[in-house]
Amino acid sequence: ARSVEELALALASAVDARLGRVAEQYRATAKLLYVVSRVVRTLFSLGLCEPEDRDEEDDEGEGEEGEGTGMGDGALADGAKDVSKEITNEEQLLGTKEEDDLGRED
């Protein structure tokens, strides 16, 4: 009976020590991941991987909307049917948006 008790204590001690080492490794890995992600984010925000010969005229159009991006703007796609005259109230438009949102949640 005494040897079973000693064996159980030795096993519990070994499991406790191993669990402590695993927890320490996990903490170190998580901290390394945090530090590396911060460094990468900082490098990208400072312009890492941007082409050196970037023209200034490319910067002029940033942040502006392109043509044909708003509702009712632009030409119809090939084979598309113009149904804008058939819409009688705003709920018809909102109904399709809600259906799309529900479809994404599934």
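**Chatting through a three-helix model**

Modeller: Among the elements of this predicted protein chain, helix H2 (residues 56-60) has the lowest mean pLDDT, 52, and H1 the highest, 95. pLDDT is the predictor's confidence in each residue, from 0 to 100. Helices here are DSSP runs of H or I with at least four residues, numbered from the N terminus.

Biologist: What does the protein chain average in pLDDT?

Modeller: The average is 76, and 58% of the residues score at least 70. Where pLDDT is low, the predicted coordinates should not be read in detail. Local features in this predicted model need pLDDT of at least 70, and side-chain atom pairs count only at pLDDT 80 or more, while totals for chains, interfaces and linings use all residues. Residues are numbered from 1 along each chain as its sequence is written, and side-chain values use heavy atoms, leaving out hydrogens and water.

Biologist: OK, how many helices and strands are there?

Modeller: The protein chain has 3 helices and 0 strands.

Biologist: Back to H1: how far apart are its end C-alpha atoms?

Modeller: They are 65 Å apart, which agrees with the 64 Å that the 44 residues of H1 should span at 1.5 Å a residue. The expected span is 1.5 Å times one less than the number of residues.

Biologist: And what happens just after H1?

Modeller: Gly 47 takes a positive phi of about 105 degrees there.

Biologist: New topic: is Val 39 buried or exposed, or in between?

Modeller: Val 39 sits in helix H1 (residues 2-45) and counts as partly exposed because its relative accessibility is 45%. Buried means under 20% relative accessible area, exposed over 50%, and partly exposed in between (1.4 Å probe, protein chains only).

Methods. Helix = DSSP H or I, 4+ residues; strand = E, 2+ residues; numbered from the N terminus.
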